[in-house]
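Student: Could we go through this chain step by step, with the reasoning laid out before each answer is given?

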Amino acid sequence: MIYSDFHFHSTHSGDGEASMVEMIERGIELGLRILCFTEHMDFDYDPQCDVNFLLNTEDYWKEFLHYREVYKDRIDLRFGVELGLQPHLAEGHEKYLKEYPFDFVIGSSHLVHGIDPYYPKFFQDRTENDCYFEYFESILENIDAFQGFDVYGHIDYIVRYYPSRKENYSFREYGDIIDEILKKIIFIGKGIEVNTGGFKYKLDHPNPHEDILKRYKELGGEIITVGSDAHTTEYLGYEFSRTCEILKDAGFRYYTVFKDRKSEFLKL
Ligand SMILES: [Zn+2]
Ligand SMILES: [Zn+2]
């Protein structure tokens, strides 16, 4: 089984809807043993977006310390962040990560060359292939610019927003470029996450897709964290039993957690 959630947001994130304490109480209720908060920090975000994704890290850190102490006998709480990667932010991210003692850092693509694919204009007047290739290429550019994350977040995240979604998405068409991404991540000693937010978006698959998880394992990938990407209590630990089976089917025997930026492997 999976007893840790390594990707979720509280109200410290611009789009989070549950307080830290609500998330912690829900985690205990679900029988989770480790919870790693991964609040959004997106520097230089798409200006058309009205949510503020800049994290007040000082407030977050203080509240985290308080609850870590209060709950220390009941659940293991960890301090993480989800950075929205863009190549020009690399230096700023290096500096930012030195300011607080993070346990865990997710590097995610939320923008593709400055545009949020959440908005339909990203997909307008182009083929599906063009959109996906641009997205996957931007991941390669992000990794070339910055390697200071522990795992790359929700690798095929864009399928959540493509107008036709799962009907047209096939790993095989993008196999070469996805291979390149996975090999690069493995080569630099980093990992990926399996993000169950895909189920919440009714994709019937986690992000990334099962085929990509299998391929990552085949290529020698071992570091894999599990996160729900919950922004409300109802999705914390969402579909973790199903995800445990998916990981086993993909050939994994262990999943990964992080403390002080170091990986630990727990049996599935
Ligand atoms: Zn994200
Ligand atoms: Zn997230």
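**Strand end, helix packing and loops**

Tutor: Before the questions begin, a starting point: Lys267 lies in strand S9, which covers residues 262-267. The model is a predicted one.

Student: Is Lys267 buried or exposed?

Tutor: A residue counts as exposed if 12 or fewer other C-beta atoms lie within 10 Å of its own. Lys267 has 7 other C-beta atoms within 10 Å, and therefore it is classed as exposed.

Student: Which residues does Lys267 touch, not counting residues up to four places away in sequence?

Tutor: One distance gives some context, as the C-alpha atoms of Lys267 and Phe252 are separated by 9.2 Å, with the two residues 15 apart along the chain. Leaving aside residues up to four places away in sequence, the residues that Lys267 touches are Arg253 and Tyr254.

Student: What is the orientation of helix H4 relative to helix H5?

Tutor: The axes of H4 (residues 128-145) and H5 come within 10 Å and cross at roughly 20 degrees. Angles under 35 degrees count as roughly parallel, so the crossing angle makes H4 roughly parallel to H5.

Student: How many nonpolar residues are in the contact of H4 with H5?

Tutor: On the H4 side the contact is made by Phe133, Phe136, Ile139, Leu140 and Ile143, and these meet Ile177, Ile178, Glu180, Ile181, Lys184 and Ile185 in H5. Sorted by class, the contact of H4 with H5 has two charged residues, no polar ones, and a nonpolar count of nine.

Student: What is the orientation of H5 relative to helix H7?

Tutor: The axes of H5 (residues 175-187) and H7 (residues 210-218) come within 10 Å, and they cross at roughly 50 degrees. An angle from 65 to 115 degrees would count as roughly perpendicular and one under 35 degrees as roughly parallel, so the relation of H5 to H7 is oblique.

Student: What is the handedness of the crossing in which H5 passes H7?

Tutor: The residues that meet here are Ile178, Asp179 and Leu182 in H5 and Ile212, Arg215 and Tyr216 in H7, and they divide into four nonpolar, no polar and two charged. For reference, H4 passes H5 in a left-handed crossing. The crossing in which H5 passes H7 is right-handed.

Student: Which residue is joined to Pro208 by a cis peptide bond?

Tutor: Pro208 is found in the loop between helix H6 (197-200) and H7. Omega is about 0 degrees for the cis peptide bond in question, and the residue it joins to Pro208 is Asn207.

Student: What is the approximate phi of Lys202?

Tutor: Lys202 is found in the loop between H6 and H7, and it is exposed, with 9 other C-beta atoms within 10 Å. Although Lys202 is not a glycine, its phi is positive, at about 60 degrees.

Student: Where is Asp260 found?

Tutor: Asp260 has a positive phi near 50 degrees in a residue other than glycine. Asp260 is also exposed, as 10 other C-beta atoms lie within 10 Å. Its place is the loop between strand S8 (254-259) and S9.

Student: What radius of gyration does the chain have?

Tutor: The C-alpha trace spans about 50 × 40 × 30 Å along its principal axes, and 42% of the 268 residues count as buried. A compact globule with 268 residues would have a radius of gyration near 18 Å, and the value for the chain, which agrees with this, is 17 Å.

Note on methods
Residues are numbered from 1 along each chain as its sequence is written. Chains are lettered from A and ligands numbered from 1 in the order in which they are written. This is a predicted model: local features need pLDDT of at least 70, side-chain atom pairs count only at pLDDT 80 or more; totals for chains, interfaces and linings use all residues. Axes are lines fitted to C-alpha atoms, for helices over the stretch in contact, and angles run from 0 to 180 degrees between N-to-C directions. Helices (H or I, at least four residues) and strands (E, at least two) are DSSP runs, numbered from the N terminus. Angles under 35 degrees count as roughly parallel, over 145 as roughly antiparallel, 65 to 115 as roughly perpendicular and the rest as oblique. A crossing is left-handed if the near helix is turned anticlockwise from the far one by less than a right angle, and right-handed if clockwise. Two residues are in contact if their C-beta atoms, placed from the backbone, lie within 7 Å. Ala, Val, Leu, Ile, Met, Phe, Trp, Tyr, Cys and Pro count as nonpolar, Asp, Glu, Lys and Arg as charged, and the others, Gly among them, as polar. The radius of gyration is taken over C-alpha atoms; the globule rule is 2.2 Å times the number of residues to the power 0.38. A residue is buried if 20 or more other C-beta atoms lie within 10 Å of its own, exposed if 12 or fewer, and partly exposed in between; C-beta atoms are placed from the backbone.
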